[in-house]
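Got your viewer open? Load the model, switch to cartoon view, and keep the selection box handy for the stops below.

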Amino acid sequence: MASEGEQIQYKVQLLLHINSILLARVIQMTNNSNGGNNPGTLPEQVQSLASQYLKRVHANLQCISQINQGAKGAKPLILEPPQLLVQLPGQDILAKLYLLMSRVFEIW
């Protein structure tokens with residue numbers, strides 16, 4: 001059984017890992033949509049998806065902040081994975097990480 005300190009460290013590392021994937025995908029989406037030339041002209045679907053991803057990043061950072069302030073029962077506000085531009089059922093690492101995250105925050 002992991003100690004409380006190890007559980008906290010694992011939660012924070014998991015949230016940071018998820019955030020790094022979310023941010024990488026936002027960058028990839030925006031670069032693929034317009035060649036990275038003019039960020040103000042992204043297609044609406046890409047803007048909407050990027051916004052969903054960034055809301056999750058923000059929710060995860062808020063949770064990390066609460067954990068660091070000693071809130072033992074802190075959970076991210078958004079526990080479901082974001083939509084993908086192209087659906088790859090069962091193959092998306094984010095879906096698996098979100099499932100892991102929801103379980104970890106449930107039992108710890």
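Before the first selection, one term: a salt bridge here is a side-chain nitrogen of Lys or Arg within 4 Å of a carboxyl oxygen of Asp or Glu. This is a predicted model, where local features need pLDDT of at least 70 and side-chain atom pairs count only at pLDDT 80 or more, while totals for chains, interfaces and linings use all residues. Residues are numbered from 1 along each chain as its sequence is written, and side-chain values use heavy atoms, with hydrogens and water left out.

**Stop 1: the overall cartoon.** Colour by secondary structure and you get 3 helices and 0 strands, in the order α-α-α from the N terminus. Helices (H or I, at least four residues) and strands (E, at least two) are DSSP runs, numbered from the N terminus. Of the 108 residues in the chain, 36% are buried; buried means under 20% relative accessible area, exposed over 50%, and partly exposed in between (1.4 Å probe, protein chains only).

**Stop 2: the salt bridges.** How many salt bridges does a search of the whole structure find? There are 3. Select R25 and D92, whose closest N and O atoms are 2.8 Å apart. R25 sits in helix α1 and D92 in the loop between α2 and α3, so this pair ties together parts 67 residues apart in sequence. R25 counts as buried at 19% relative accessibility, and D92 is buried too, at 8%.

Now pick K72 and E4, with closest N and O atoms 3.6 Å apart. Here the loop between α2 and α3 (K72) is linked to helix α1 (E4), 68 residues away. K72 counts as exposed at 59%, and E4 as partly exposed at 43%.

The remaining stop of this kind is E80 with R56, at 3.5 Å between the closest N and O atoms. E80 is in the loop between α2 and α3, R56 in helix α2, 24 residues apart. E80 is partly exposed, with a relative accessible area of 44%, whereas R56 is buried at 7%.

**Stop 3: along α2.** Select residues 44–68. Is the helix span in agreement with expectation, or at odds with it? Its 25 residues should span 36 Å at 1.5 Å a residue (the expected span is 1.5 Å times one less than the number of residues), and the end C-alpha atoms are 36 Å apart, which agrees. Buried residues in α2 include V46, L49, Y53, R56 and N60. Just past the helix, click G70: its phi is positive, near 95 degrees.

**Stop 4: the core.** The largest nonpolar core has 25 residues, and I18 and Y53 have the most contacts inside it. Such a core is a set of buried Ala, Val, Leu, Ile, Met, Phe, Trp, Tyr and Cys residues joined through side-chain atoms within 4.5 Å. α1, α2 and α3 each supply at least two of its residues. Centre on I18: beyond its neighbours within four places in sequence, it is in contact (heavy atoms within 4.5 Å) with N60, L94, L97, Y98 and M101.

Next door in sequence, select N19 in helix α1. N19 counts as buried at 4% relative accessibility, and, with the same neighbours set aside, touches R56, V57, N60 and L61.

**Stop 5: the rings.** Finish on the structure's 1 aromatic pair. The ring centres of Y10 and W108 are 5.8 Å apart with planes at 85 degrees, so the pair is edge-to-face. Rings of Phe, Tyr and Trp (its six-membered ring) pair if their centres lie within 6.5 Å; planes under 30 degrees apart count as stacked, over 60 as edge-to-face and the rest as tilted. Both are partly exposed: Y10 at 33% and W108 at 29%.
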